[in-house]
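Colleague: Got a minute to go through this one with me? I'd like to start at the ligand.

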Amino acid sequence: MNVLIRVICLILFLFSHRYGMAQQPQVNYDESKVPEYTLPDPLHLPDGHPVHSANEWMNDRRPQLVRSFEHEMYGKMPGRQLTPTYTMLEEGNAAFAGLGTRKQVEIAFENQGRQLKMLLLIYLPKGVDRAPVFVGLNFYGNQTITQDPQVILTSSWVPNNDNFGIDANAANEASRGVRVSRWPVADILRAGYGLATMYYGDIDPDRDDFTDGVHPLFYQNGQSRPKDDEWGAIGAWAWGLMRIMDYLQQDPDVDADRVVLMGHSRLGKAALWAGAMDPRYAIVISNDSGCGGAAISRRAFGETVQRINTAFPHWFCTNFKRYNGHEADLPVDQHELIALIAPRPVYIASAEDDQWADPTGEYLAGVNASPVYALFGKMGLQDPRPPAVNQPVHYDIGYHRRTGGHDVKMYDWQQFIAFADRQFRAVRQR
Ligand code: GCU
């Protein structure tokens, strides 16, 4: 009997390991149980050479960090560019009771017999010549961010959601306006900014399937999924954000020098990665981006590398899975992702009840990126302790932790707009 039980246990053990079901450690929400860690120093080259100047950072250290993030975490994006086709599908002159204008542009690519069609919704404030613009991907289709009946429903695969009336993985009228609370378009327009948004699933549907979305357009002969160091879904969403920037640069109604990239949660991870890779984004904002976004991985507080790679195996490159349970072996940590954005302003927003995303770890990434900002004469986060709840700090790195949970609230947008205003005003005064 005893032997039989042992044999069964052994089989179960082997089976669970084989299929990655090994028990994960408990989620840690206790600050006193954060493991001791040493962060990689952004201001030292791997051979120990110190980085003294902005030039050395830009020419020596930065490219090496980009390679590490590409190779170990987000995966490389394709080197070659495809030529886009822009088609204006719809334009309106009186959106939001006349506050703004609306454009809906299809950005299409074709390669290797595959097509990708992404739908960009743009609102621009009336009476503003060449408007500054916020860019942000959305989770369920452009039609969800507004009640505006003219907004075209996404035709891409959408995750089912009973609350949003989405079934059969297709958007319908019931989902119109279900996410208005996250997108205060009228307030954005009144503040003198435009908004450009796209459904992230237009770029790559958020499922562990590499036969759809943008990836197949770049496969080599016989390839059916990215190689170990090639882009996952976050890399694809970041690629899409760069293609949005390509479009905005040639739209005469937009001031392409004042484009602010904002992303929430998994899309905050994508925004940071895109903002790091694409210097055309003037300001980058991460909202509750957490693990794989702004939060320091080595803290293993809330969501960990192992958890994220298990629940979302398609988000990062395959190489990243080597760090499951081994955060200390990562050659980089997320403060260095923030540092890659320097000297451009970056804002990190956290929420008090969103412990899964590790608000303190998000703050500490800003603190530990600050020495790189200092090389440029920019002011990062000086205080090693996070500010009190609802007490934002707006330097060249900004931060707040608002009350409430994992979401995008009016409070967050008020900070983002104030931060962008201040930064753009400072540029004008120079
Ligand atoms: C999950 C995931 C997070 C992610 C979030 C979101 O909670 O674990 O990493 O940020 O989804 O995108 O809403």
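Modeller: Sure, one term up front: a polar contact is a pair of N or O atoms within 3.5 Å. This is a predicted model, where local features need pLDDT of at least 70 and side-chain atom pairs 80 or more, while totals for chains, interfaces and linings use all residues. Numbering starts from 1 along each chain as its sequence is written, and side-chain values use heavy atoms, without hydrogens or water.

Colleague: OK, which residues are around the ligand?

Modeller: Ser265, Arg266, Lys269, Glu303, Ile308, Phe312, Trp315, Trp356 and His406, counting any residue with a heavy atom within 4 Å.

Colleague: How does that shell divide into nonpolar, polar and charged?

Modeller: Four are nonpolar, two polar and three charged; Trp and Phe count as nonpolar, His as polar.

Colleague: And how far is the polar side-chain atom of Arg266 from a ligand oxygen?

Modeller: 2.5 Å. For Lys269, a side-chain N or O atom is 2.9 Å from an oxygen of the ligand, and Trp356 also has a side-chain N or O atom 2.9 Å from a ligand oxygen. Taken alone, the ligand exposes 320 Å², and the protein buries 82% of that (Shrake-Rupley, 1.4 Å probe).

Colleague: Switching to the fold, what order do the sheet strands come in?

Modeller: S1-S2-S3-S5-S4-S6-S7-S8-S10-S9, ten strands in an open sheet with mixed pairing. Strands are DSSP E runs of at least two residues, helices H or I runs of at least four, and pairing takes at least two bridges.

Colleague: Which strands stand at the edges?

Modeller: S1 (85–95) and S9 (393–394); each has a single partner strand, so one side of each lacks a neighbour in the sheet. S9 runs antiparallel to S10 (residues 397–402), joined by two bridges, and Val393 has Tyr399 of S10 as its bridge partner.

Colleague: Where's the cis peptide bond?

Modeller: Between Ala342 and Pro343, with omega about 5 degrees. Pro343 sits in the loop between helix H8 (334–339) and S8.

Colleague: What about the phi of Asp288?

Modeller: Positive, about 50 degrees, although Asp288 isn't a glycine. Asp288 is in the loop between S7 and helix H7 (305–311).

Key. Polar contact = N/O pair within 3.5 Å; in protein donor to acceptor, adjacent residues only side chain to side chain.
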